[in-house]
Amino acid sequence: SLAREIATDNLVAIKEVDMEMIVKLQKERHILREKNLLDSMFGKHANMINILGSFKVSFIWFFIISNF
């Protein structure tokens with residue numbers, strides 16, 4: 001999904017991850033690795049996407065991603 005960041009009016013992507021499906025497929029480690037990698041790379045490379053934040057609602061985990 002796409003949304004606009006209120007503070008900057010920039011477009012951001014919202015990645016939705018169904019944690020029930022991830023657990024069922026035993027891929028928890030992969031999602032956590034992706035989040036940790038994006039967190040550690042924030043602002044360090046011009047060609048890399050940045051994770052602006054993440055939050056969980058029920059069994060859905062949302063990643064807010066930007067390329068700025």
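## Close-up views of a predicted model

**View 1. The S3–S4 hairpin.** Strands S3 (residues 50-57) and S4 (residues 60-66) run antiparallel, with 7 bridges joining them. This is a predicted model, so take every distance and percentage in these legends as computed from it. The two strands make a hairpin with 2 residues between them. Right at the turn, Val57 has Ile60 of S4 as its bridge partner. Ser58 sits in that turn, and its phi is positive, at about 55 degrees.

**View 2. Ser66 and its neighbours.** Follow strand S4 along and you'll find Ser66. Is Ser66 buried or exposed? Its relative accessibility is 7%, so Ser66 counts as buried, the cut-off for that label being under 20%. What does Ser66 touch, leaving out residues up to four places away in sequence? The list is Leu11, Val12, Ile49, Asn50 and Leu52. Of these, Leu11 and Val12 fall within strand S2 (residues 11-18), while Asn50 and Leu52 fall within strand S3 (residues 50-57).

**View 3. Glu20 beside Phe59.** Glu20 belongs to helix H1, which covers residues 19-24. How far apart are Glu20 and Phe59 in sequence, and how far in space? They are separated by 39 residues along the chain, yet their C-alpha atoms are 6.2 Å apart. Glu20 has 49% relative accessibility, so it counts as partly exposed; the exposed label would need over 50%.

**View 4. A salt bridge from helix to strand.** Here the side chains of Glu34 and Lys15 meet in a salt bridge, 2.7 Å from N to O. The pair ties together distant parts of the chain: Glu34 comes from helix H2 (residues 28-40) and Lys15 from strand S2 (residues 11-18), with their positions 19 residues apart in sequence. Side chains of opposite charge can pair when their charged atoms come close. Glu34 counts as partly exposed because its relative accessible area is 25%. Lys15 gets that label too, with a relative accessibility of 29%.

**View 5. A salt bridge inside helix H2.** Asp39 and Lys35 form a salt bridge whose closest N and O atoms are 2.8 Å apart. Why are these two separated by about one helical turn? Because they are 4 residues apart in helix H2. Now for the two partners: Asp39 is partly exposed, with 36% relative accessible area, whereas Lys35, at 17% relative accessibility, counts as buried. Counting up, the model has 2 salt bridges.

**View 6. Stepping back to the whole chain.** To place the close-ups, read the elements from the N terminus: β-β-α-α-β-β. That gives 2 helices and 4 strands. The C-alpha trace spans about 35 × 25 × 15 Å along its principal axes. The chain has 68 residues, and 22% of them count as buried. Its accessible surface is about 5100 Å², with 59% of that belonging to carbon and sulfur atoms. Among contacts with a separation of 6 or more, 41% come from residues 24 or more positions apart. On the charge side, there are 9 positive and 8 negative side chains, and the centres of those two sets lie 8 Å apart.

Technical notes: Residues are numbered from 1 along each chain as its sequence is written. This is a predicted model: local features need pLDDT of at least 70, side-chain atom pairs count only at pLDDT 80 or more; totals for chains, interfaces and linings use all residues. Side-chain values use heavy atoms; hydrogens and water are left out. Buried means under 20% relative accessible area, exposed over 50%, partly exposed in between (1.4 Å probe, protein chains only). Contact means heavy atoms within 4.5 Å. Accessible areas come from the Shrake-Rupley method with a 1.4 Å probe; for residues, only the protein chains shown count as cover. Lys and Arg count as positive and Asp and Glu as negative; His and the chain ends are not counted. The place of a charge is taken as NZ of Lys, CZ of Arg, CG of Asp or CD of Glu. Two strands pair if DSSP finds at least two bridges between them. A salt bridge is a side-chain nitrogen of Lys or Arg within 4 Å of a carboxyl oxygen of Asp or Glu.
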